[in-house]
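Open the structure in your viewer and keep the selection tool at hand. The stops below are meant to be taken in order.

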Amino acid sequence: MRTRGTAVVIRDGKVLLVRDKGKERYSLPGGGSKRNEPSMAAAIRELYEELRMSAKKSERIFSCDFNGSLNRHRVSLIQTDDEPRLQRKELDKFIWWDMKLEIPRYPHVDRILNNIKLYLRLE
């Protein structure tokens, strides 16, 4: 199982989701950690590589980690003022999701976001 730095970016009550090329479902930004790379550093690096968004502030949220069938999602809450800009390498789309509109997404997205809501006391 691979360790993945998973970024949660929330702005104006909406969360940033991305879609990999050739896929139907949306996920949270992020990617695999390199050897000896902390998961928060991987999340920040991937956010920049995929969307050209720089972290203004980041916080590792251990209580929101999720072990899926393929990945160990290690979650970081990241603040940025940058607007996403697709680099067209791995991703083909991003959306700011209101967490209400029904969209195709991977099950781990809901599990992680439900824990983020509890952590941030949004519900």
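This tour goes from confidence to sheet, helices, loops and rings.

**Confidence**

Begin by colouring the chain by pLDDT, since this is a predicted model. The protein chain has an average pLDDT of 94, and 98% of the residues score at least 70. Within the chain, β5 has the highest confidence, at 97, and α2 the lowest, at a mean of 92.

**The sheet**

Select residues 10-11, which make up strand β2, then residues 14-20, which make up β3, and residues 91-97, which make up β8. In what order do the three strands lie in the open sheet? The order is β2-β3-β8, with antiparallel pairing. β2 and β8 are at the edges with a single partner strand each, so each has one side without a neighbour in the sheet.

Zoom in on β2 and β3. Two bridges hold this antiparallel pair, and R11 is found opposite K14 of β3. The two strands form a hairpin, with two residues between them. Select D12 in that turn: its phi is positive, about 55 degrees.

Move to the other pairing of β3. Strand β8 runs antiparallel to β3 and is joined to it by six bridges. To see one position in this pairing, select R19, whose bridge partner in β8 is K93. Now display the surface and look at β3 as a whole: this strand is mostly covered, with five of its seven residues buried.

**Helix α2**

Select residues 107-120, which form helix α2. A distance between its end C-alpha atoms gives 20 Å, and this agrees with the 20 Å expected because its 14 residues are counted at 1.5 Å a residue.

Which residues of α2 are buried? They are H108, V109, I112, L113, I116 and K117. Show the elements around them: the buried residues of α2 pack against β1, β2, β3, β6, β7 and β8. Of these, β1 covers residues 2-8, β6 covers 66-67 and β7 covers 71-79. Step past the end of the helix to R121, which follows α2 and has a positive phi near 55 degrees.

**Helix α1 and its loops**

Select residues 39-51 for helix α1, and pick out E46 within this helix. Is E46 buried or exposed? E46 counts as buried because its relative accessibility is 8%, below the cut-off of 20%. Apart from neighbours within four places in sequence, E46 has contacts with G30, G31, G32 and L51.

Next come two loop residues to compare. Most residues other than glycine have a negative phi. N36 is in the loop between β4 (30-32) and α1, and its phi is positive, near 65 degrees. With 74% relative accessibility, N36 counts as exposed. R52 is in the loop between α1 and β5 (57-60). The phi of R52 is also positive, near 60 degrees, while its 24% relative accessibility makes R52 partly exposed.

**Rings**

For the last stop, select R60 and F62. R60 lies over the face of F62, 4.1 Å from the ring centre. How many aromatic pairs does a search of the whole structure find? The search finds zero.

Terms used:
Residues are numbered from 1 along each chain as its sequence is written. This is a predicted model: local features need pLDDT of at least 70, side-chain atom pairs count only at pLDDT 80 or more; totals for chains, interfaces and linings use all residues. Side-chain values use heavy atoms; hydrogens and water are left out. Helices (H or I, at least four residues) and strands (E, at least two) are DSSP runs, numbered from the N terminus. Buried means under 20% relative accessible area, exposed over 50%, partly exposed in between (1.4 Å probe, protein chains only). Contact means heavy atoms within 4.5 Å. Rings of Phe, Tyr and Trp (its six-membered ring) pair if their centres lie within 6.5 Å; planes under 30 degrees apart count as stacked, over 60 as edge-to-face and the rest as tilted. A charge sits over a ring if NZ of Lys or CZ of Arg is within 6 Å of the ring centre and within 35 degrees of the ring normal. Two strands pair if DSSP finds at least two bridges between them. The expected span of a helix is 1.5 Å times one less than its number of residues. pLDDT is the predictor's confidence in each residue, from 0 to 100.
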